[in-house]
Amino acid sequence: MEITSEYGIYDQRFEKVFNKFKENLTSSVDIGASFAVYSNGKPLVDLAGGYKNKEKTEIWTPATTVCIHSTGKGVVAMCLAILIERGKLNLDEKVSKYWPEFGVNNKSDITIADLLSHKAGLAALHEGATIHDLLSINAVDELANATPLWAPSKTSGYHILTYGTLVTELFRRIEGRFLKKFIEQEFYKDRGWDIHIGLPSEREIDAAEISVSHTLDLSIRNNASELQHRVFTSPTLNPLDANLQEWKSADLPSANGFSNAKAIADIYAALINSSDTLVSKEALSQAIEAQFEGDDIIMASFSRWACGFVLNTDGVFGPNPNSFGHSGLGGSLGFADPDNQIAISYTPNRMGYKPRSDPRAIALIDMAYSCLAK
């Protein structure tokens, strides 16, 4: 039976999830947030509430979106999977086949799979680069002419920000549209999924303000190696950049997506739904095939990378090892569990804890699985 509450709807089996979500808001663990569990296109949980701003004067509504940072990389991966489905993309092809200018300075053998699994060695711009440099039209040419920071194709190093510049240019070379336009047309307009790269001006009123909790863990920047320091500072990501107009206007799908849990969970649910036409099982299996398993040299932690998706480790995406998705700085995440045919997403505006294991998200996810077992 479906229950309607002040924060949205939920199947009665998930009452503990609702109670935890409400507790997070009333205790100020969250300022505003949304959490959703979808299965076969239908919501089992669809909750949204709290406030859009830290002063708590603007109500978070079902129409509210928030910057999801790297959670958007999972949506990027879906777009590439769609190109596989449409016969436009072969993951084993060289990037330079579609982007000839890219094939210089020890990059001619980099494959699309390498690029999507963070093995291209292009995780930074020039030393001292600013966020303005990354968002400028010159960034594409700079990365095309760059020499990799490590031997490409051998190991993975998380491309925190440059990933968006690289992948949207490759996408344009193959499909004809930038990812920003593709998502606007095929996800937002055609399917009604409230997700955007950047933020349309008419949706400014619905945007939640990002704020930073004292629990935001950026300790990885301390005692960084020379390589890590280069990546973390060229450019440096300021979490509050998400509130700037320049950020909202940019085309940087690695970090400036705006969405909410309902949309993200619905998209992932469609991705694994065999009756949906988004992507075939065959195309998806290529997209989620492991490309790297080991210590990521930038994040300095064990990682399992597919082609743009993070493969589940340490139960971050629930108990199923076959789950896949992506998380973002500050706590947002979205993932699909193909074995249980569910998709889950969490999107807060108060940034805190760790990028891949935010305890707010973990608690809600674990509770959702305990309810699912009933």
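The exercises below work through salt bridges, strand pairing and one pocket in a predicted model.

Residues are numbered from 1 along each chain as its sequence is written, and side-chain values use heavy atoms, with hydrogens and water left out. Because the model is predicted, local features need pLDDT of at least 70 and side-chain atom pairs count only at pLDDT 80 or more, while totals for chains, interfaces and linings use all residues.

**Exercise 1. Salt bridges**

Task: Find the salt-bridge partner of D30, and state whether each residue of the pair is buried or exposed.

Solution:
- Step 1. A salt bridge is a side-chain nitrogen of Lys or Arg within 4 Å of a carboxyl oxygen of Asp or Glu. By this rule the model has 22 salt bridges.
- Step 2. The partner of D30 is R360, with the closest N and O atoms 2.9 Å apart. This pair links distant parts of the chain: D30 sits in the loop between α1 (15-26) and β3 (32-39), R360 in helix α13 (residues 359-372), and the two are 330 residues apart. Helices (H or I, at least four residues) and strands (E, at least two) are DSSP runs, numbered from the N terminus.
- Step 3. Buried means under 20% relative accessible area, exposed over 50%, and partly exposed in between (1.4 Å probe, protein chains only). D30 is buried because its relative accessibility is 1%. R360, with a relative accessible area of 4%, is buried as well.

**Exercise 2. Two further pairs**

Task: Give the N to O distance and the accessibility class for the pairs E58 with K52 and E293 with R304.

Solution:
- Step 1. In the salt bridge of E58 with K52, the closest N and O atoms are 4.0 Å apart. E58 is partly exposed at 39% relative accessibility, whereas K52 is buried at 9%.
- Step 2. In the salt bridge of E293 with R304, the closest N and O atoms are 3.4 Å apart. E293 belongs to strand β9 (residues 292-296) and R304 to strand β10 (residues 301-305), so this salt bridge ties together parts 11 residues apart in sequence.
- Step 3. E293 is partly exposed, with a relative accessible area of 46%; R304 is buried, at 19%.
- Step 4. Elsewhere, shared partners join the salt bridges of R86, E175, R177 and E186 into one network.

**Exercise 3. Strand pairing**

Task: State the strand order of the open sheet of 3 strands, then trace the pairing of β2 with β1 and with β4.

Solution:
- Step 1. Two strands pair if DSSP finds at least two bridges between them. The order in the open sheet is β5-β8-β6, with antiparallel pairing.
- Step 2. β5 (66-67) and β6 (196-197) are the edge strands; each has a single partner strand, so one side of each lacks a neighbour in the sheet.
- Step 3. β5 pairs with strand β8 (residues 257-259) over 2 antiparallel bridges, and V66 has S259 of β8 as its bridge partner.
- Step 4. Strand β1 (residues 2-5) and strand β2 (residues 8-11) are antiparallel, with 4 bridges. A hairpin of 2 residues joins β1 to β2, and T4 is bridged to I9 in β2.
- Step 5. β2 also runs antiparallel to strand β4 (residues 42-50), with 3 bridges; G8 has L47 of β4 as its bridge partner.
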